[in-house]
Amino acid sequence: MSPYEEVVPSESTPLRLDRFLAASGRWGSRARVHRLIEAGCVFVNDKPARPSTRVRPGDRIRVLEERLAEETSEKVRPSDIPLDVLFEDEDLLVVDKPPGLVVHPAPGHWQDTLVSALLHRWKEPAPGLDALRPGIVHRLDKDTSGVLVVCKNLRTLEALARQFRERAVRKEYLAVVWGVPARASGTIDRPIGRHPVERKRMAVRSEGRPARTRFERVASYGKVSLLRLYPETGRTHQIRVHLASAGHPVVGDRVYGRSRAEATRQLGVTRQLLHASALGFRHPRTGEEVFFEAPLPEDMRSVLERCAETAESKSGRGVS
């Protein structure tokens, strides 16, 4: 794999290096661009660069992509992790991701991820797919379960990524939340940005990016409710942040529902009770509208049943 070199065109305006490389489309997502830069693979005028490095007309950019490949091969290994396959053809693999499974490797968690399972299943990813994220077009948090689609070749990946960017993908989630929302349905329309102090968290912020989540109250079980959610945008932690800002954090959310830690412990919950229940999109090869669903996991059903029994015993009338 030979180094890639590019001279910034004379008509370009000064721009951050990560944005410049991501805009070309050659390197995939902006997250992958960051990995290349942080792994020491990118040089500007023969000097190691940072994501925030400003590039200007005439600057020479050099990318040593093989460095990232070498690092990946040493740290990421195949693992025989069973996958609950909902659908598979020559282009797509759709799985029901269990809670606790990390999607892609990162510093501190290189092994036993969904990527490890894919490398074991496929032996070798198709040409052009990122070795750290082979075919992964979207992700779910470690403790979020549910439908996740993986692309088996570069053409499918690019086509489906376009649908995600254009918000042409139908996404549905189920969440067990604290309390009972006053309205049976509605929309949470609040911008989300990085938390001003805790940089690993997100927060509702006036200067954040637009974020919209529609919700429907499916049922209430005493102190908790089951909601169906339709995120119309794709901000980091969007559903969890929106629900917490509305006063109904996801049960078990250790980041955005920390004030409910004791109540969570009493329920015996060990993860955030958020489930990606359905995903719909156009099949990149056939153009057919496809829709995949994953059943509610056992731990979420168990919590709802116990809360329903408790509410019924207290009221003597059943639950709403």
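**Two helices and a pocket**

Me: In this predicted model, which hand does the crossing of α1 and α2 have?

Reply: The crossing of α1 and α2 is right-handed. A crossing is given this name because the near helix is turned clockwise from the far one by less than a right angle.

Me: Why are α1 and α2 called oblique to each other?

Reply: Helix α1, residues 17–24, packs against helix α2, residues 30–38, at an angle of about 125°, and their axes lie 9 Å apart. Roughly perpendicular covers 65 to 115 degrees, and roughly antiparallel requires over 145. The angle of about 125° falls in neither range, so the pair counts as oblique.

Me: Which residues of α1 and α2 meet?

Reply: From α1 come Leu17, Asp18, Arg19, Leu21 and Ala22, and from α2 come Arg30, Val33, His34 and Ile37. This contact comprises 5 nonpolar, 1 polar and 3 charged residues.

Me: What makes Arg183 a charged residue in the lining of the second largest pocket?

Reply: Arg183 is one of the residues lining that pocket, and Arg counts as charged, so Arg183 belongs to that class. The lining has 7 nonpolar, 2 polar and 2 charged residues.

Note on methods:
Residues numbered from 1 in each chain as written. Predicted model: local features only at pLDDT ≥ 70, side-chain atom pairs only at ≥ 80, totals over all residues. Heavy atoms only, no water. 1 Å grid on protein atoms, 1.4 Å probe; cavity = no way out; pocket = protein on both sides within 12 Å on 5 of 7 lines; lining within 4 Å. Axes fitted to C-alpha atoms, helices over the stretch in contact; angles between N-to-C directions. Helix = DSSP H or I, 4+ residues; strand = E, 2+ residues; numbered from the N terminus. Contact = heavy atoms within 4.5 Å.
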